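Biologist: Could you take me through this model step by step? I should like to begin with how the copies are arranged.

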Number of protein chains: 2
Amino acid sequence: MNLPAGYRYAATYAGIRKDARDDLGLIVSDVPAAAVAVFTRNRVQAAPLRVARAHLEKSRGVVRAVLVNAGNANCATRTGVIVAEVCCDAAAAQLDVPADQVFPSSTGVIGVELDASLITDKVPGLVGALSADRFEDVARAILTTDTRMKTANATVEIGGKVVSIAGMTKGSGMIHPNMATTLGFIVTDAEATRADLQAMLNEAVSRSYNRISVDGDTSTNDTLLLMANGASGVQLDGDSRACFQQALNSVAGSLAEQIVRDGEGARKLIRIEIAGAADEESAVRIARSIANSLLFKTAIAGSDPNWGRILSAAGNSGVEFDPSRVTIWLQDTAVCRDGLAADFSEEELKCKLDEPECTVRFVIDGPGRGDARFLTCDLTEKYIEINASYRT
Amino acid sequence: MNLPAGYRYAATYAGIRKDARDDLGLIVSDVPAAAVAVFTRNRVQAAPLRVARAHLEKSRGVVRAVLVNAGNANCATRTGVIVAEVCCDAAAAQLDVPADQVFPSSTGVIGVELDASLITDKVPGLVGALSADRFEDVARAILTTDTRMKTANATVEIGGKVVSIAGMTKGSGMIHPNMATTLGFIVTDAEATRADLQAMLNEAVSRSYNRISVDGDTSTNDTLLLMANGASGVQLDGDSRACFQQALNSVAGSLAEQIVRDGEGARKLIRIEIAGAADEESAVRIARSIANSLLFKTAIAGSDPNWGRILSAAGNSGVEFDPSRVTIWLQDTAVCRDGLAADFSEEELKCKLDEPECTVRFVIDGPGRGDARFLTCDLTEKYIEINASYRT
């Protein structure tokens with residue numbers, strides 16, 4: 001993996017989660033990095049998000065370190081803000097940087113007090129262990145019900161120099177669009193203004209993290225952070241921005257897709273493609289309504305080409321369209337033409353639906369040019385099993 | 001069961017569904033009845049709904065008969081409207097009433113052509129079998145994945161005379177508020193204007209069928225019909241309307257609750273009560289967001305008092321509220337006070353959550369007077385099992 005210059009990483013087990021695998025991670029930029037973030041739109045926001053926002057504001061968007069834990073969301077807790085501050089203070093002291101340049105982040109159970117000393121006790125060891133090649137250790141430490149580590153990277157050549165982007169993310173349930181679903185940390189050695197970084201992050205998120213859904217739920221802790229420390233010596237300008245944006249999109253897109261692939265209990269990745277809607281916004285609404293239909297998701301789990309559920313879910317999106325102009329493809333087989341059953345072999349299609357990836361194409365015939373791509377996964381008994389017993 | 005005067009019923013097996021149980025029902029009023037209906041708000045509307053609307057308009061709201069089948073939704077079919085018309089014509093001819101006074105209704109799979117002759121062949125036999133005491137036969141014939149017949153009735157004494165209301169309904173999946181979820185037929189021997197009937201039906205639905213959710217999906221065929229034939233000799237006026245409304249509310253409320261109790265795979269009925277929201281509309285939005293959270297529904301399936309998921313789901317409703325003023329009760333145990341974990345015995349509460357009914361009370365402390373009640377059910381592996389194999 002081609003990692004950006006000027007970052008070091010460390011992870012350890014701090015005893016926050018029950019099973020003894022790393023649950024605390026630290027990402028440090030050797031020099032002050034420009035940073036931007038997107039946060040959950042949930043009305044209930046965890047303490048670390050509130051502290052992270054305040055820190056970004058006080059430091060004017062300068063971040064030197066990310067301190068992240070799994071196993072406890074530090075949300076709806078009496079001591080939440082103080083715990084987040086104390087932990088940042090400990091990291092700041094050890095790293096000799098201002099406390100408001102430390103970005104706190106947490107994921108895990110809600111409503112259980114987080115013991116700050118579990119984290120502060122480990123900070124000296126973490127700082128001592130920092131290393132440029134321990135990126136994946138942090139990527140593993142932030143996982144909760146995830147079954148796989150999720151990382152992505154890309155490089156761009158700009159003016160003969162190489163700029164790198166590397167990202168890590170976690171999340172496999174409580175995944176819903178319209179926010180920085182789950183935790184994600186993307187680091188780059190490019191240099192850019194905060195305004196440019198925010199615009200680029202927003203664009204990347206709009207087509208990746210905001211176009212996936214596992215269960216329609218949205219966490220109180222969702223955060224996606226982008227740090228740019230300039231260590232490559234490349235300052236992004238008008239021309240190079242487009243190249244960088246493309247690379248950033250591919251990193252964010254890959255991370256988001258990995259989340260859906262690892263959706264709780266998911267056996268199949270479902271790609272939903274909408275075309276011919278009045279505009280992109282309408283296309284996304286139709287896609288989301290299909291992606292969140294339990295009836296559709298369970299039909300795919302059962303390899304059942306039940307296209308009536310797709311048409312019905314689209315009809316529930318609130319978007320106006322003429323059902324008699326709709327054609328639906330499942331795995332490149334037309335199952336519905338002009339809103340009516342197409343002629344296809346159900347047995348053959350059932351076999352094709354047993355594959356690990358399923359593509360639904362929903363096309364409205366007409367003048368509309370609105371299209372959208374969206375990712376979701378099937379809904380299986382395993383999802384229920386995981387979530388009926390997550391906490392206990 | 002106290003059935004309203006002047007109605008007769010019949011049901012038979014017409015071969016529409018695979019298993020040999022009744023799938024065709026007929027409800028006839030001896031005299032023209034005033035009728036009003038609410039229909040699905042899905043953009044995709046099945047043929048029988050389109051025909052039913054047209055008939056209600058042409059007949060100026062007079063209905064003599066309801067012809068209803070299960071096993072095929074007659075939706076997204078090439079011949080849909082013609083099939084519905086032909087079936088109505090057959091019933092009308094046999095009953096010697098205008099065709100536009102026959103109200104068609106269908107439920108079942110989408111996108112499969114419905115063979116009209118299956119129904120028209122059975123119409124003479126159905127008409128011959130009409131009987132005042134076969135109400136429950138029709139109530140059973142309209143069931144699909146339901147495990148139980150769903151009926152309710154009520155009587156009101158008005159001016160020394162008895163007015164009866166009787167209702168039947170079906171539905172156990174694809175249940176979502178904001179419409180006449182599923183099929184429902186309510187008959188009464190009161191006499192009332194169509195305007196009054198529509199107002200009363202709307203009020204009854206707003207607190208019953210529009211306050212339940214099983215899986216957030218909404219069918220293309222949902223219909224709720226209210227017929228009033230005046231056979232009791234009681235004409236509703238200003239004073240008696242309130243009594244009748246109360247009785248109608250109780251019938252609709254009971255039918256809606258039975259749907260949730262029979263939710264696909266459901267083991268538990270969940271009552272959600274919201275208080276202290278800014279207004280009723282906000283309270284309903286919070287309740288609906290909790291009711292539709294898969295994480296919440298699976299937690300209840302697992303008897304897990306995971307109140308963080310309730311707070312988080314409320315936070316996703318789009319309603320503004322201060323999380324630090326929220327108190328949450330589960331089975332009368334306070335689990336969250338002022339947005340923080342309350343002191344309770346998790347073991348004791350887990351036992352209480354094993355009961356077949358679960359009550360969630362979500363109270364926002366403040367000046368708001370908006371409250372709402374909402375019903376849903378837990379989400380179990382059984383839901384997946386049922387819906388991964390419904391069609392095949």
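Modeller: Let us begin with a definition: two copies of a chain are related by a rotation about an axis and a shift along that axis. Please keep in mind that this is a predicted model.

Biologist: What rotation and what shift superpose chain A on chain B?

Modeller: The rotation is 180°, with 0.0 Å of shift along its axis, and chain A then superposes on chain B with an RMSD of 0.0 Å. That is the relation of a two-fold axis.

Biologist: Which residue of chain A comes closest to the rotation axis?

Modeller: It is Glu381(A), whose C-alpha lies 2.3 Å from the axis. As for the contact between the copies, the same surface serves both: 100% of the contact residues of chain A recur in chain B.

Biologist: Turning to a single chain, what domains is chain A divided into?

Modeller: Chain A has domain 1, covering 7–261, and domain 2, covering 269–387. Their C-alpha centres lie 33 Å apart.

Biologist: How many residues of each domain of chain A are in contact with the other?

Modeller: Twelve residues of domain 1 of chain A are in contact with eleven residues of domain 2 of chain A.

Biologist: Which elements each supply at least two residues of the domain 1 side in chain A?

Modeller: They are strand S8 (212–213) and helix H7 (238–261) of chain A. H7(A) gives the largest share of that side, four residues.

Biologist: And how many residues of that side are nonpolar, polar or charged?

Modeller: On the side of domain 1 of chain A that touches domain 2 of chain A, five residues are nonpolar, four are polar and three are charged.

Conventions:
Residues are numbered from 1 along each chain as its sequence is written. Chains are lettered from A and ligands numbered from 1 in the order in which they are written. This is a predicted model: local features need pLDDT of at least 70, side-chain atom pairs count only at pLDDT 80 or more; totals for chains, interfaces and linings use all residues. Copies are superposed by least squares on the C-alpha atoms of residues with pLDDT of at least 70 in both. Two residues are in contact if their C-beta atoms, placed from the backbone, lie within 7 Å. Domain bounds come from an automatic or database domain assignment. Ala, Val, Leu, Ile, Met, Phe, Trp, Tyr, Cys and Pro count as nonpolar, Asp, Glu, Lys and Arg as charged, and the others, Gly among them, as polar.
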